[in-house]
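Good morning, and thank you for joining this group meeting. Please look at the sequence and the structure as they appear on the screen, and I shall then take you through selected features.

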Amino acid sequence: MAADGTALGRRLRDGDLSAAAAVLNLVESRTPADREQTSALLAAVSPAALGGEAKGHVIGLTGPPGAGKSSLLSELTRAWRARGRSVAVLAVDPSSKRSGGSLLGDRARISFDPEDRGLFIRSTAAGERLGGLAPATRAAAQALSAAFDVVVIETVGVGQSETEVGEVADTVAVIVQPGSGDALQFLKAGIMEIPDVLVVTKADLGDIALRARRDLSAALRSVGSRDTHVVAVSSISPPQGIDELIDALDEHRGRLDVPARRVEARRAGALADFVVEHGERGLRALGGRRAALKRLEREDPGADVPALVTTLEAEL
Amino acid sequence: MMRTYAGHSTAKKSNELYRSNLAKGQTGLSIAFDLPTQTGYDPDDELARGEVGKVGVPVAHKGDMHALLDGIPLGEMNTSMTINATAAWLLALYITVAEENGVDAAQLQGTTQNDIIKEFLARGTYAFPPGPSMRLIADMVAYTVTEVPKWNPINICSYHLQEAGATPVQEIAYAMSNAIAVLDAVRERVDQDLMGKVFGRISFFVNAGVRFVEEHAKLRAMGILWEELGRERYGVTDPKHLRFRYGVQVNSLGLTESQPENNVQRIVLEALAVTLGRDARARAIQLPAWNEALGLPRPWDQQWSLRIQQVLAYETDLLEYPDIFEGSKVMDGLVDELLEGARAEMKVVAEHGGAVKAVDYMKSSLVDSHRERIRRIEHGEQIVVGLNKYTESNPSPLIDEEGGIMTVDPEVEIQQREAVAAWRADRDQAAVDAALEELRRVAGSEENIMGATIAAAKAGVTTGEWSRTLREAFGEFRAPTGVGEAAAGGGAEDDLASLRDEVDRVSEGLGRRMKILVGKPGLDGHSNGAEQIAVRARDIGMDVVYEGIRMTPAQIAASAEQEGVHVIGLSILSGSHRELIPDVIAALRERGVDAPVIVGGIIPEADVAPLKQAGVSAVYTPKDFDLTAIMRDIVALVAERHGATASA
């Protein structure tokens with residue numbers, strides 16, 4: 001039985017958080033019937049339908065394995081819930097190249113109360129693209145941000161993947177642990193995009209964490225970034241720096257031109273979906289990536305992703 | 001010394017059992033606590049459901065401890081307590097009961113298992129994060145060395161590592177690394193001139209498998225490494241302190257559910273591994289019962305295990321000779337080989353920053369070794385008589401209508417819930433509050449935890465209250481599952497490839513990749529089965545959600561709904577399936593999740609029909625060793641469930 005996308009969209013608009021699981025089941029499905037319903041869902045939560053951009057704060061949380069992302073996320077969700085904000089976590093895990101299957105482990109590290117409908121956690125496999133987003137994650141983030149106060153997309157990696165997260169998220173936080181020189185080198189070399197917030201974990205390590213924080217701040221200044229907050233946190237009891245991090249994330253959101261970032265996100269998403277469907281050959285038929293984006297810029301800023309994909313397909 | 005590991009139902013019932021075992025010639029006590037007591041929950045806690053009095057005796061406060069030890073001469077008794085995360089608490093209760101009976105703590109003899117690293121790696125009854133857990137252990141060692149000098153405060157366990165799949169080399173290396181972590185922590189808390197005494201009080205609890213020649217070599221190797229460690233790392237010189245002392249429970253992992261009578265000869269051979277050569281002979285032996293893989297052993301089954309030891313000790317000539325392997329080239333060669341492997345592996349652990357920091361590494365290595373063991377059995381490379389070879393059998397006359405196991409009356413749990421509530425209502429609450437406040441203060445300081453813990457025991461604090469106070473101070477912790485890093489490659493590659501195609505095909509119909517939730521409800525920490533199912537499901541192309549042990553039915557149901565899984569696999573080995581599985585199914589249905597549920601674990605035959613009635617689609621037990629076949633069933637089950645609806 002295919003889900004009813006329009007009805008699900010209505011539930012999200014009404015703030016019905018219990019719709020989240022059904023929304024994910026729908027947007028992850030690749031059957032033609034479900035994809036049609038996904039389009040209906042996204043139309044039902046488009047800026048036009050909502051009368052503005054979705055209220056939720058979409059946050060990308062990314063960093064290398066072992067940096068302490070999951071423990072931090074556990075503390076963050078606890079703190080957000082304590083402030084009365086509803087939270088949806090979309091955890092993206094790498095898949096096994098060989099079998100296509102994956103072990104989705106992040107959920108295990110986030111403590112949750114099963115009776116609390118204000119916290120939703122969904123793990124998804126990244127699919128073939130290592131370090132990238134699961135195909136459904138963009139759609140899920142767009143839909144859920146209509147109902148949840150915070151939508152977190154958690155991905156693995158440092159270097160390439162946060163570029164992709166950056167296309168979806170309002171705010172990107174990169175997590176690094178002290179003593180790992182990679183982030184520093186990537187920043188200086190310009191391999192890594194400058195994150196909106198940089199988080200140094202394991203602040204309980206004391207001097208090492210302080211030094212890492214100082215080095216990263218210096219590196220950021222050297223590449224000309226003044227706005228990026230560097231926050232040191234510790235997830236070990238008693239947790240430290242969590243409130244400061246939440247304030248930094250809020251502060252970035254406060255400065256942000258949300259509609260502009262969201263329009264960009266939808267256009268980038270439409271282009272990505274188009275490429276999944278029609279490949280590089282289809283893109284060339286449109287005159288390349290730049291031309292395709294130019295074409296999308298002529299559309300209504302409030303247009304949803306499926307509508308934008310249709311626009312591109314009409315040019316073929 | 002001969003013991004049987006015992007305790008069940010209630011403190012009073014267990015007390016009767018102990019007295020009767022002592023009358024039969026047993027020379028010490030070995031207390032088995034139930035899982036709520038081991039993990040720090042009172043009988044009326046949600047997580048305790050189905051587990052009260054199951055695998056051991058519930059002890060919720062000093063009143064229970066008084067009942068448990070009633071009439072037993074504590075001044076003369078040597079008592080082994082299998083207790084880890086809450087060891088400081090149970091020792092405090094033991095000291096309290098002794099003192100309230102006029103026995104001085106200095107007279108007490110016995111052992112608290114108190115090895116937390118193996119709980120993270122294998123057994124699962126941890127309560128606090130690694131750092132604070134090590135501090136509790138170090139506090140206990142520092143306290144007992146002066147106040148309860150005849151007590152063995154810790155028993156480094158390699159037993160459970162083998163149960164989790166460790167090879168002999170891993171068993172030696174991880175146990176020694178673990179001991180180093182403990183001794184290093186203690187060294188910071190006692191005077192250097194006490195280190196010899198501390199070293200001499202550390203004993204080991206090892207395993208012995210059916211490959212008994214190699215197993216004997218393993219024990220000789222451990223003795224050599226231990227002495228070396230004492231001399232070189234801790235500057236111990238007294239030969240008495242340097243002796244490798246160990247107790248043993250022989251292997252349960254190798255015991256089979258099919259043709260369980262064969263387990264008797266396995267147990268005898270394993271007992272030889274730890275007794276054959278005098279230079280590496282165990283000081284205390286516990287033998288498992290022949291029917292452990294079926295369920296809880298009855299008193300008669302345990303009597304049989306005790307009689308095995310008595311025949312070995314009193315009828316054979318085993319104990320009449322000096323070390324019979326002295327000068328054996330074969331034995332020395334085996335020992336050298338194990339020493340070399342163990343030293344190399346200890347180096348790897350040291351490079352990870354020691355045993356505490358290397359928990360993730362060791363856990364995934366164990367999951368890998370166990371996967372390899374299962375692969376060998378599946379492929380017939382390792383023969384297990386009655387399981388993958390010589391499987392034809394006449395019906396066993398040993399199995400009666402009740403399935404040849406002991407069942408615990410579910411009334412016990414209800415009674416214990418009420419009893420602990422009554423205890424709380426009946427005590428001096430102001431004294432309890434003050435004791436807990438003091439405990440909280442000490443937990444946050446550098447002071448030794450034992451003083452405040454004993455004061456809390458005397459004030460009538462409960463097990464759950466003591467643990468909750470420390471959980472609040474130290475933080476909650478979830479151990480690594482070890483599956484994320486596990487290497488691929490289980491069953492035959494052809495079978496896996498064809499199953500992968502099938503998973504792809506069914507996933508196509510489902511619209512998204514087939515997704516399974518592997519859940520471990522309740523307090524049972526035996527996660528081998530769940531881990532192996534999770535890894536194999538990934539290897540055939542499923543998306544797998546596995547959250548580790550100790551989940552409530554409500555948590556499992558919430559995860560299943562939020563994750564949108566197509567099938568749910570539940571694993572229980574502790575005997576609480578009759579309560580917990582129907583609870584999980586009810587919680588799932590309440591959330592509108594209609595995915596099929598399968599169950600694996602130690603499930604007696606008689607319980608299969610009621611589980612199916614409750615809505616379980618399939619039940620797997622230890623005799624179902626072919627993981628690929630189980631996977632094929634699961635894929636077919638999902639296809640069938642969704643086949644009718646996938647086309648709409």
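**The nonpolar cores**

Let me begin with L144(A): beyond its neighbours within four places in sequence, this residue is in contact with A20(A), V23(A), G56(A), A88(A) and V151(A). I should say at once that we are dealing with a predicted model. L144(A) belongs to the largest nonpolar core, which has 279 residues. Together with V23(A) and A143(A), L144(A) is listed there as having the most contacts inside that core. A second core, separate from it, has seven residues, including L35(B), V52(B), V55(B) and L523(B). As general background, nonpolar side chains in soluble globular proteins tend to be buried together.

Next, chain B as a whole. Chain B contains 25 helices and 13 strands. Its radius of gyration is 24 Å, and because a compact globule of 648 residues would be near 26 Å, the two values agree. Along the principal axes, the C-alpha atoms of chain B fill a box of roughly 75 × 70 × 50 Å. Of the 648 residues in chain B, 57% are buried. If we take the contacts in chain B between residues at least 6 apart in sequence, 79% of them join residues at least 24 apart.

Within chain B, I would draw your attention to strand 7, residues 246-249. Which way do the residues of this strand point? Y246(B) and V248(B) point one way, G247(B) and Q249(B) point the other way, and all are buried. Strand 7 of chain B pairs in the parallel sense with strand 6, residues 203-206, over three bridges, and V248(B) is the bridge partner of V206(B). Strand 7 of chain B also pairs in the parallel sense with strand 8, residues 284-286, again over three bridges; here Q249(B) stands opposite Q286(B). With helix 12, residues 262-273, strands 7 and 8 of chain B make a right-handed β-α-β unit.

Finally, the contact between the chains. It takes 32 residues from chain A and 37 residues from chain B. On the side of chain A that touches chain B, helix 2 (20-28), strand 3 (102-104) and strand 4 (119-125) each supply at least two residues. Strand 4 of chain A gives the most, with five residues. By class, that side of chain A has twelve nonpolar, twelve polar and eight charged residues. Strand 3 of chain A also pairs in the parallel sense with strand 10 of chain B, residues 543-546, over three bridges. In that pairing, L103(A) stands opposite V544(B).

Conventions: Residues numbered from 1 in each chain as written. Chains lettered and ligands numbered in written order. Predicted model: local features only at pLDDT ≥ 70, side-chain atom pairs only at ≥ 80, totals over all residues. Helix = DSSP H or I, 4+ residues; strand = E, 2+ residues; numbered from the N terminus. Rg over C-alpha atoms; globule rule 2.2 N^0.38 Å. Buried ≥ 20, exposed ≤ 12 C-beta atoms within 10 Å, placed from the backbone. Contact = placed C-beta atoms within 7 Å. Nonpolar A, V, L, I, M, F, W, Y, C, P; charged D, E, K, R; others polar. Pairing = 2+ DSSP bridges. Core = buried A, V, L, I, M, F, W, Y, C linked by C-beta atoms within 7 Å. Right-handed = clockwise from strand over helix to strand, strands pointing away.
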